[in-house]
Amino acid sequence: MTKSKWALAIACMLLVWMSYFVPEIAQSNQPVNQNFHQNNSQNIEIHFQNEEPDGSRRGRPINREGTGSRGDCPSVDLLTTALIPEKNVGLTVDDNPSFWFFVPYKQKETPIGEFVLQNEADNAIYQTNFTLPNTPGVVKLTMPSTVSLELNKDYQWYLKLYCSQQKLPNPIFVRGWVQKIAIQPNLKGLLKSATKPRQRVAIYAENGIWYSALSELAQLRLDEPKNPMLIKDWANLLQDVGLADLASKPIVGEVKKESSSF
């Protein structure tokens, strides 16, 4: 066989090979890429990135742990604790955010609770009494729709627990700060592209938006309390702000608000 015939034969073989195998390779690559992205969305590691400055340095003191016992309050191993960063003003994108607390008491041990929200002039803009659930654990208190936070304003809040039927002096109390921020266009794009609730939580956490990340993840855990992935997410988030010892405590849900001064 001449060289030209050999070259023609090889060219024909190459054409046949490419027409048969290349489409299969191209088709097989497509689902691999899709599966890769799907797996990535399932294997997200949720961690809180806190870039806010130390609030105590600008007159924003935080007390996220209450006292061990006051008056008639029984002694406890773990203190009443606000689920917030230790020294920073927590951020939210919600008009009416939820606040989360670990309370080691039963409802009958602390029959009266009080929550107060103050503006930058130290004026109370919201105040309510509440009762706790019967089970000790992580509880939430949600702001009503009648009270909306203004953008880029710091609000101080107090949570007080009384272990008697009267509001005696020196209750157990914790306090912290919250600031509502605008959703920037790049963040809005990320949230819009999120196809899973956990992705939204991860986006909030990575951008240092504590209250929104915590509340959305806590709600997911209430909906699926035995989901191992959500249990791990919760442990990671609390560990990132030094609250790892509370990760195993049950989330028992909303307090019962009794009355409001506003």
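## Helix H5 and its ends

Just after helix H5 comes Gly242, with a positive phi near 75°. Helices here are DSSP runs of H or I with at least four residues, strands are E runs of at least two, and both are numbered from the N terminus. This is a predicted model, in which local features need pLDDT of at least 70 and side-chain atom pairs count only at pLDDT 80 or more, while totals for chains, interfaces and linings use all residues. Residues are numbered from 1 along each chain as its sequence is written, and side-chain values use heavy atoms, leaving out hydrogens and water.

At the N-terminal end of H5, Asn227 acts as the cap: one of its side-chain oxygens lies 2.9 Å from the backbone nitrogen of Met229. How does the span of H5 compare with what its 13 residues should give? Residues 228–240 should cover 18 Å at 1.5 Å a residue (counting one less than the number of residues), and the end C-alpha atoms are indeed 18 Å apart.

## What covers H5

The buried residues of H5 (buried means under 20% relative accessible area, exposed over 50%, partly exposed in between, with a 1.4 Å probe and protein chains only) are Leu230, Asp233, Trp234, Asn236, Leu237 and Leu238. Their cover includes helix H3 (197–206), helix H4 (210–223) and strand S9 (251–254).

## The open sheet

S9 also belongs to an open sheet of 4 strands, ordered S1-S3-S6-S9 with mixed pairing. S1 and S9 are its edge strands, each pairing on one side only. Two strands count as paired if DSSP finds at least two bridges between them; S6 (residues 137–142) and S9 are parallel, with 3 bridges. Lys140 stands opposite Glu254 in S9.

H4, part of the cover over H5, also lies across S3 (98–103), S6 and S9. Its direction is at about 65° to S3.

## Strand S7 and its neighbours

Strand S7 (residues 154–162) is largely enclosed by the rest of the structure, because 8 of its 9 residues are buried. S4 (residues 112–118) pairs with S7 in the antiparallel sense over 7 bridges, and Ile112 has Tyr162 as its bridge partner in S7. S8 (residues 172–180) is also antiparallel to S7, joined by 8 bridges; there, Gln156 is partnered by Trp177 in S8.

## Thr67 in its loop

Thr67 sits in the loop between helix H1 (3–42) and strand S1 (81–82). Thr67 is partly exposed, at 25% relative accessible area. Leaving aside residues up to four places away in sequence, Thr67 touches Leu79, Tyr105 and Ile172, where contact means heavy atoms within 4.5 Å. Thr80 is 13 residues from Thr67 in sequence, and their C-alpha atoms are 7.3 Å apart.

Methods:
A polar contact is a pair of N or O atoms within 3.5 Å; within protein, one must be able to donate a hydrogen and the other to accept it, and residues adjacent in sequence count only if both atoms are side-chain atoms. Axes are lines fitted to C-alpha atoms, for helices over the stretch in contact, and angles run from 0 to 180 degrees between N-to-C directions.
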